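Biologist: I am new to this structure, and I would like to hear the reasoning behind the terms used for it. Could you take me through them one at a time?

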Amino acid sequence: MLRNQPPKLWLVFSAIVLSVGSATGAYAKPESEAASSLPWREVGLSERQAAAHLLDRLTFGAEPGDVDRLVAMGLDTWFEQQLAGGLPDPVVDRFLKGFRSLDLDNRQITEIYPDPSMVLRQASRAGVVDDEMVADLQNRERGERPERRQVREYAREQGYRPQRELVGEMVAQKLIRARYSQNQLTEVLTDFWFNHFNVSITDNQCRPFVHTYERDAIRPHVLGDFRSMLEATAKHPAMLLYLDNARSVADEGAPKKFDRDQFAKSQGRRGRGGLGRQGRVGQQGRVDRQRGSSEVEQAIAQRRPQGLNENYARELMELHTLGVDGGYSQDDVIAVARAFTGWATYPAGPLREQVERRIARARRLPNAGFVFEDPFLFRADSHDSGPKTILGKTYPAGRGIEDGLEVLDALAGHPATARHLATKLAVRFVSDQPSPELVDRLASRFQSSGGDLKQVLRTLAESPEFWSVEARQSKIKSPFEVTVSALRVLDVEIQHPRPVLEWVWQMGQPLYSYQAPTGYPDRADAWVNTGALLNRMNFGLQLATGRIAGLDIDLAALNDHREPASLQEALEVYVPLLMPERDSAETIRRLESVVHDPELATKIAQAAPADEVTDPVFDGWDPMLASTGRGSEDRPRRDQQGQQVLGRAGGRRPPSPPEPDHSALAHVVGVILGSPEFQRR
Amino acid sequence: MIDRRAFLKAGGLALFTAGTGPTFLEQAARAATGPGSFKRRKVLVTIFQRGAMDALMAVPPLGDSRLQRLRPRLFMSAARNAGDGALHDLGVDFGLHPAFGDLLPMWRDNNLAVVHAVGSPDATRSHFDAQDYMETGTPGRKGTPDGWLNRVVGELGHDATPFRAVSMTAALPRSLYGEHAALAVTDLRNFKVDLPGARAASQAAGKGFEALYEQTSQDLLRDTAAETFEAVDMLDKLDVSRYRPMAGVRYPRSTLATSLQQIAFLIKSDVGLEVAFAESGGWDTHVQQGTRNGPFARRAQDLSKSIAAFWRDLGTFRDDVVLMTMTEFGRTVAENGSGGTDHGHGSCLFVLGNDVDGGKVHGNLPPLVPENLYEGRDLPVTTDFRSVFSEVASKHLSLPSSTNLFPNWSGGRIALMG
């Protein structure tokens with residue numbers, strides 16, 4: 001990276017622009033932080049019940065012994081520790097050490113994990129494969145692909161690695177962190193804020209940058225201030241590409257912050273001062289300019305900016321800040337889009353060198369206004385510098401990046417944003433229908449603290465609503481939450497993350513793959529439908545009976561290797577273990593009638609491997625396609641052309657599913673995990 | 001919430017439990033006519049052709065000499081002496097790629113229509129963006145939370161049933177995102193409580209879950225579970241794994257065919273299906289697209305054989321069903337340097353149904369002179385895809401208001417159905 005660092009003068013200039021931008025914001029310094037005092041006694045909870053509720057809401061679920069630990073340490077202390085974050089995480093570190101892609105920067109990622117179609121083009125150009133093979137590779141459906149060894153070989157020689165490794169490591173690290181991290185609140189919040197500022201690997205322009213987006217734009221800010229997170233997302237290539245801002249440029253005829261033509265006239269030559277025409281550049285920037293084929297022509301045509309694109313501006317207000325009823329108009333959308341013209345990604349590949357040469361020239365112009373913060377690039381030559389009126393405030397003509405920065409200030413400080421975010425946080429952490437009083441309280445804390453997210457969370461946990469009877473166990477876990485809470489409460493060791501991740505997909509939550517910028521809805525009825533519910537039951541059963549590959553599970557160890565003597569005893573021991581501090585008497589009573597059903601006992605006893613299901617012949621039914629998510633198959637993920645992307649962490653094949661556990665205990669635990677009570681938090 | 005319990009009360013289930021012996025069709029027929037059974041519903045079946053189909057190879061205009069000049073390696077003739085590789089002459093100045101030959105009977109019966117030069121007004125040539133815009137029904141707008149098919153389900157407003165909206169895909173497609181529950185499933189045989197290799201224990205666990213969910217105080221979990229178990233029970237009684245298509249019908253072995261076969265099963269089972277979604281991949285033919293044979297022909301053959309088998313398999317249920325294909329955009333008119341075509345603009349789509357004004361190519365494909373082409377190179381869009389979608393929704397599903405289905409759009413419908 002060092003050899004491409006811009007000269008210092010440029011950095012100083014950028015820094016000035018940036019500091020001007022944020023200094024104009026309406027932000028006060030966060031108030032001094034007072035230690036919290038959680039009001040669980042006031043609502044009549046025991047300390048153990050309060051601990052279990054905290055674990056339900058602020059973590060991905062309790063591990064064995066967690067309630068004891070919290071009580072011993074003091075709930076307030078634990079909460080402050082989670083709010084502070086940054087606890088050592090040796091287990092997570094050990095797991096992630098072998099991953100190749102997690103520490104790379106965006107530029108390294110584009111170099112090491114290129115778009116597969118680009119690799120194919122290069123291989124064909126290098127004569128490694130002929131057109132016939134390229135056609136086969138591009139067009140065949142899964143299951144019919146011919147040998148692609150030559151392309152793989154070629155890619156390896158070039159030092160390329162497959163994108164499925166990048167995606168596989170990304171989904172695996174999310175699971176590993178959620179399962180093992182000591183900083184549980186940080187992980188829960190990262191999940192929440194990523195979903196709030198959603199981007200998606202279903203967009204193949206955006207896909208390579210989704211992990212750095214979470215790592216650099218979301219996670220560092222979840223216990224910081226909202227304004228910083230907002231700006232980090234606005235500048236990240238994942239968001240710039242996903243919501244098209246990277247190709248949003250000043251409409252024809254609009255005044256530009258830096259006008260190439262005027263500059264050229266003043267210099268007596270043509271168009272030398274700008275950065276060229278490319279606007280939307282990521283992977284596709286690596287086109288071979290020499291090659292005059294229509295493919296290149298088309299790649300260029302695809303990249304060529306066509307003027308203003310409103311997508312980012314609209315979602316910035318509707319989803320990221322003000323909310324859909326936040327009081328903005330279509331005129332505001334257009335004006336905000338104009339304010340963000342020029343916010344683009346720094347190109348990769350050969351184009352990068354061209355642009356760097358031009359930047360070096362532009363640098364000599366004191367007021368050109370270009371800003372380079374790799375991988376973000378502010379292109380003064382495509383910024384609409386006309387005057388703008390946004391939400392009633394006037395932004396004067398002639399400015400550059402300050403326009404966008406000040407819009408972020410205004411939006412982050414707007415009362416509608418405080419309400420919108422307060423509502424979402426209350427829905428995530430309290431209930432699907434939070435009371436207006438709670439939302440008001442969180443919103444005013446958000447405003448008074450200048451968007452200090454720690455302060456808002458403290459207010460949330462100090463609110464009686466957080467602890468109320470109505471709130472407790474009222475949330476339905478998302479598929480990811482069901483999965484991780486089960487792994488944590490059973491103290492399952494992850495040997496290979498992929499098979500269990502396939503269940504998350506199967507239950508309806510393909511990670512990093514929600515296509516719409518809204519993110520996954522955070523409501524019970526979005527998760528609970530017939531297919532998903534059935535898969536939740538099957539997940540519980542198959543996890544407990546050891547049918548999911550890649551996991552080490554030891555049910556007896558949870559009870560110090562004391563085997564329950566009866567089904568009744570199994571229930572009495574394992575219900576409280578799996579759902580600590582719940583009203584287990586009621587749950588046990590319900591389960592009792594189930595496990596005492598003689599039919600169940602007999603059938604479990606008979607559940608020997610001999611009881612194999614034989615699928616009758618089924619005309620025209622392709623067994624390749626009848627994937628059930630039972631663990632070992634590749635779960636197909638569609639990329640934008642209907643091809644598949646397989647998430648495979650670390651490129652390692654998962655082990656075969658282990659021998660199932662036919663014990664009655666495993667079945668009882670399976671039924672508990674699939675029960676309605678376990679779906680709630 | 002719509003009355004979820006209505007599904008359970010519908011009563012058709014009892015019929016499935018009766019006796020041994022009746023064939024699948026007899027069962028289904030009894031369900032369809034029996035007292036208190038589901039009222040047969042109109043069904044819309046959609047197939048998304050991912051990757052952007054080359055309309056000029058699928059349904060090329062005959063007699064536009066520019067086509068041969070612009071794509072010499074991809075050109076196909078309808079002339080009799082062209083032999084084995086000849087286009088089918090549709091008799092309306094258009095040809096049909098020979099690999100689509102299995103669609104001809106439906107064309108001749110006037111049940112199959114083509115809409116040409118159809119697509120989105122948005123200029124994007126990104127698969128992701130164009131699919132997103134087509135599936136939300138809002139070109140140019142990314143943030144639309146729901147898909148157009150989910151809005152169709154909402155507008156129909158019938159009782160929720162587990163199989164009201166079904167996508168034969170591993171994950172829910174953007175078309176079905178939204179507030180109305182939709183099922184994504186690749187294999188209906190797995191729609192059950194399942195411990196692989198232990199059938200008896202699975203059944204026992206299923207009973208256990210049923211009892212537990214019946215008693216839970218959480219309404220949503222209780223009601224959804226009740227629905228789920230009824231549906232599982234129903235599929236079990238119908239025995240999906242023993243489903244046989246109508247005599248003489250053979251589906252090809254492919255993802256699409258498997259999807260359509262299961263959709264046919266659901267339609268005949270009368271379980272309240274109204275919207276079905278399936279996918280066909282591999283249409284992004286940049287390189288060596290081929291003519292009579294090759295990647296395009298393989299995809300076309302799968303599509304046409306699958307649709308033809310599905311249509312025959314439906315038998316008397318055809319009156320209830322309209323099938324429509326869609327693809328995100330079209331391709332360049334000229335071939336590229338690699339014997340393929342690149343991302344373009346307009347394409348064509350197929351609509352199949354007994355009430356379709358078939359045996360015709362609808363829409364307007366202008367002569368392929370440069371000034372008629374989009375940006376001088378692509379098949380233009382002369383019919384907005386929403387004109388077609390809203391026509392089908394209006395005529396087949398009796399949803400006259402297109403403004404609820406396609407917000408901020410005021411274009412007219414194209415006359416396509418009687």
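Modeller: What follows is a conversation about a predicted model, in which each term is set against its cut-off.

Biologist: Let us begin with chain A as a whole; what does its secondary structure come to, and how much of the chain counts as buried?

Modeller: The secondary structure of chain A comes to 33 helices and seven strands, and of its 681 residues, 55% count as buried. Among the contacts in chain A with a separation of 6 or more, 78% join residues 24 or more positions apart.

Biologist: What makes helix α26 of chain A largely enclosed?

Modeller: A residue is called buried when 20 or more other C-beta atoms lie within 10 Å of its own, and nine of the nine residues of α26(A), which covers residues 498–506, are buried, so the helix is largely enclosed by the rest of the structure. The buried residues include A:R498, A:E502, A:W503 and A:W505, and the buried residues of this helix pack against α10, α25 (479–489), α28 (530–544) and β7 (551–552) of chain A. After α26(A) comes A:G508, whose phi is positive, near 110°.

Biologist: You named α10 of chain A as one of the packing partners; how do you know what span to expect of α10(A), and is that helix covered or uncovered?

Modeller: The expectation is 1.5 Å times one less than the number of residues; α10(A), residues 163–180, has 18 residues and reaches 26 Å from its first C-alpha to its last, close to the 26 Å expected. The helix is mostly covered, with 17 of its 18 residues buried.

Biologist: Why are helices α12 and α13 of chain A called roughly antiparallel?

Modeller: The axes of α12(A), residues 210–218, and α13(A), residues 226–235, come within 9 Å and cross at roughly 150°; angles over 145 degrees count as roughly antiparallel, and the two helices are therefore roughly antiparallel to each other. In this contact A:D216, A:A217 and A:I218 of α12(A) meet A:M229, A:A232 and A:T233 of α13(A), and by class the residues are four nonpolar, one polar and one charged.

Biologist: Why, then, are α30 and α33 of chain A described as oblique?

Modeller: The axes of α30(A) and α33(A), the latter spanning residues 664–674, come within 10 Å and cross at roughly 45°. Angles under 35 degrees would count as roughly parallel, and those from 65 to 115 as roughly perpendicular, so an angle of roughly 45° belongs to neither class, and α30(A) and α33(A) are therefore oblique to each other. Their crossing is right-handed.

Biologist: Which residues meet there, and how do they divide by class?

Modeller: A:L567, A:A570, A:L571, A:Y574, A:V575 and A:L578 in α30(A) meet A:A664, A:L665, A:V668, A:V669, A:I672 and A:L673 in α33(A), and the residues of this contact divide into twelve nonpolar, no polar and no charged.

Biologist: What makes A:E569 partly exposed, and how far is it from A:L665?

Modeller: A:E569, which lies in α30(A), has 15 other C-beta atoms within 10 Å; a residue is exposed at 12 or fewer and buried at 20 or more, so A:E569 is partly exposed. A:E569 and A:L665 are 96 residues apart in sequence and 9.9 Å apart in space, C-alpha to C-alpha.

Biologist: Why is A:E581 called buried, and what is its phi?

Modeller: A:E581 is found in the loop between α30 (567–578) and α31 (584–595) of chain A, and it is buried because 20 other C-beta atoms lie within 10 Å, the cut-off being 20 or more. Its phi is near 65°, a positive value in a residue other than glycine. Most residues other than glycine have a negative phi.

Biologist: Where is A:P375, and what is said of the peptide bond that leads to it?

Modeller: A:P375 is found in the loop between β2 (371–373) and β3 (376–378) of chain A, and the peptide bond from A:D374 to A:P375 is cis, with omega near 10°. Most peptide bonds are trans.

Biologist: Turning to chain B, what makes B:N110 partly exposed?

Modeller: B:N110, in the loop between α6 (104–108) and β4 (112–119) of chain B, has 13 C-beta neighbours inside 10 Å and therefore counts as partly exposed. Phi of B:N110 is near 60°, a positive value in a residue other than glycine.

Methods
Residues are numbered from 1 along each chain as its sequence is written. Chains are lettered from A and ligands numbered from 1 in the order in which they are written. This is a predicted model: local features need pLDDT of at least 70, side-chain atom pairs count only at pLDDT 80 or more; totals for chains, interfaces and linings use all residues. Helices (H or I, at least four residues) and strands (E, at least two) are DSSP runs, numbered from the N terminus. Axes are lines fitted to C-alpha atoms, for helices over the stretch in contact, and angles run from 0 to 180 degrees between N-to-C directions. Two residues are in contact if their C-beta atoms, placed from the backbone, lie within 7 Å. Ala, Val, Leu, Ile, Met, Phe, Trp, Tyr, Cys and Pro count as nonpolar, Asp, Glu, Lys and Arg as charged, and the others, Gly among them, as polar. A crossing is left-handed if the near helix is turned anticlockwise from the far one by less than a right angle, and right-handed if clockwise.
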